[in-house]
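The following exercises are to be worked with the sequence and the structure at hand. Each task is followed by a solution in steps.

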Amino acid sequence: DELIDVTVDAQKDVFDWFCQLPGFGDQFDVRMTPHHVMGLDYAHCISGGRGGLGRYVVIRMKQRLEELGVTVYTSCEATELVTDSAGAISGVRAKDSDGVLEIQCRAVMLASGSFICNQEMMERVCPAFAGARKKIQGHLYPPLTGDGIRMGEKIGAKVLWENMNVCLKGPSPMPLTHILQATGEWPENIFVNLDGKRWMNEGAVARLSHTMGQDILDMTDLFLHQPQAHSLSIFDSSIMDHSISYYLDPDHGNDFNKLTREDVDEMHFFLESDDHTMAKADTIRELAQIMELDPDVLQRTIDRYNELCHNGCDTDFGKPAEYLKPIENGPFYAIRCYPFCDGAFGGFPITTRMEVLKQDGSVLPGLYAGGDITDSRFIPFTHGWDKKTQIMTDLPWAYVSGFLAADSIAAYLEQ
């Protein structure tokens, strides 16, 4: 409770600090925007520059560091934290193309991001996702290998493995472009696994609501248990025309999925991709061959689904009748869908001053942490689901934890 109070209150201080930096707040735009993903009608949204607030802040902070003459090492991998005889931080070892270097310091902040691309850690925390077929996406970059967790644990920092959380949603087209989302996550489609068999009520993926309720969470759990956690979204030309026309209408959709003609024109890039991100064929059997499915199985799946559509009742999976549209007007389309990872979170328990704790619960002098590598941001749902929720979203937590850690480090160095 104390951490919640401190971090929520600090948000206004962080924003005020941003605005006071020379030339920093000029691009800020504070507005109300639809935010149904979090179960809200609207939320305050701060945007900055082109490409989103996070990118804007990173660019401006880098420029500010250069103005202040601060040296930033890139392509330089931290490998080990150094402590003195009393167990307090005394330096960092790292390596780059020139070899090993050691930086002497009294305080270190670990802000190395998540462990989502560390296969060993993922098998420990979320085995189903560890074995999934994946595609690089926003929170799935190769450098996110949990190095900070490894270094901190080696010098005695406590790591709460049992509290770690992987935020997953799916099936989702990759990359998450407007055109692939609009056509691939349309509830009139069907989803089949790598066996060519239908496995879910596709009405749950309806992007019309953008909710994150229990149906979405249950669907993701079911998806992770499909072969390689991989699925294909299949539809025909009539269904595609319907989804595109819906999202081209300015009265439909929101910032996540509105379409422009330029978005629609991007489709040919995915139809021509080597990994068949999207495929098009004149027959279902040809489509199956392109996507490496058994043509006989997929054809039987489509025939069964069309029968349910003509009967007006999905007795297999309970899809609402309003979404039951037969797949029979060629050409036919398929889009590959993967688990969408919104990040992997957890690691070090921290104090309200962002100090990292040791195994015995005492503070490890000079070690601080912020962002995804910390444990304390996620708490269990109150609805009895086997899931966790966050006290604030990723970007505010990154800013606030870094801001509070910097204040704490400054005070620590003055001692």
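**Exercise 1.** Are Lys319 and Glu202 buried or exposed? Determine also how their side chains interact.

*Solution.* The model is a predicted one.

Step 1. Both residues, Lys319 and Glu202, are buried. For Lys319 the relative accessibility is 3%; the cut-off for a buried residue is under 20%, so Lys319 falls into that class.

Step 2. A salt bridge joins the side chains of Lys319 and Glu202, with an N to O distance of 3.5 Å. A salt bridge requires such atoms within 4 Å.

Step 3. Lys319 belongs to the loop between H12 and S11, and Glu202 to the loop between S8 and helix H7 (214-224), so this pair ties together parts that are 117 residues apart in sequence.

Step 4. Leaving aside residues up to four places away in sequence, Lys319 touches several others, including Pro187, Glu188, Arg198, Tyr305 and Leu324.

**Exercise 2.** Which parts of the chain does the salt bridge of Lys169 with Glu185 tie together? Set this pair beside the one formed by Lys62 and Glu66.

*Solution.* Step 1. The closest N and O atoms of Lys169 and Glu185 are 3.7 Å apart, and the two residues form a salt bridge.

Step 2. Lys169 lies in strand S7 (residues 165-173), while Glu185 is in the loop between helix H6 (178-184) and strand S8 (190-192); the bridge therefore ties together parts that are 16 residues apart in sequence.

Step 3. Lys169 is partly exposed at 23% relative accessibility, whereas Glu185 is buried at 2%.

Step 4. The side chains of Lys62 and Glu66 meet in a salt bridge with an N to O distance of 2.7 Å. Both of these residues lie in helix H2, 4 residues apart, or about one turn of the helix.

Step 5. The structure holds 14 salt bridges. Glu80, Arg93, Glu102 and Lys154 are linked by such bridges into a network.

**Exercise 3.** How are the rings of Trp17 and Phe18 arranged?

*Solution.* Step 1. The search of the whole structure yields 9 aromatic pairs.

Step 2. In the pair of Trp17 and Phe18, the ring centres are 5.7 Å apart and the planes stand at 35 degrees, so the pair is classed as tilted.

Step 3. Trp17 is partly exposed, with a relative accessible area of 34%; Phe18 is buried, with 6%.

Step 4. Ring pairs link Trp17 and Phe18 with Tyr399 and Phe403 into a cluster.

**Exercise 4.** Which residues make the nonpolar surface patch of about 330 Å²?

*Solution.* Step 1. The patch is made by Leu65, Leu68, Val70 and Val72.

Step 2. Val70 sits in the loop between helix H2 (53-67) and strand S3 (77-83). Its relative accessible area is 41%, so Val70 counts as partly exposed.

Step 3. For the protein chain, the accessible surface comes to about 20400 Å², and 51% of this belongs to carbon and sulfur atoms.

**Exercise 5.** What is the mean pLDDT of the protein chain, and where does pLDDT stay under 50?

*Solution.* Step 1. The mean is 86, and 85% of the residues reach 70 or more.

Step 2. Residues 207-214 stay under 50, and the model gives them 23 contacts beyond four places in sequence. Residues 382-386 are also below 50, and this stretch has 3 contacts beyond near neighbours in sequence.

Step 3. The chain as modelled has 13 helices and 15 strands, and buried residues make up 45% of its 415 residues.

Key. Residues numbered from 1 in each chain as written. Predicted model: local features only at pLDDT ≥ 70, side-chain atom pairs only at ≥ 80, totals over all residues. Heavy atoms only, no water. Buried < 20%, exposed > 50% of the residue type's maximum accessible area, 1.4 Å probe, protein only. Contact = heavy atoms within 4.5 Å. Patch = residues over 30% accessible without salt bridge, like charges linked within 9 Å, V, L, I, M, F, W, Y side chains within 5 Å. Areas by Shrake-Rupley, 256 points an atom, 1.4 Å probe, with all protein chains shown as cover. Helix = DSSP H or I, 4+ residues; strand = E, 2+ residues; numbered from the N terminus. pLDDT = per-residue confidence, 0-100. Phe/Tyr/Trp six-rings, centres within 6.5 Å; stacked < 30°, edge-to-face > 60°.
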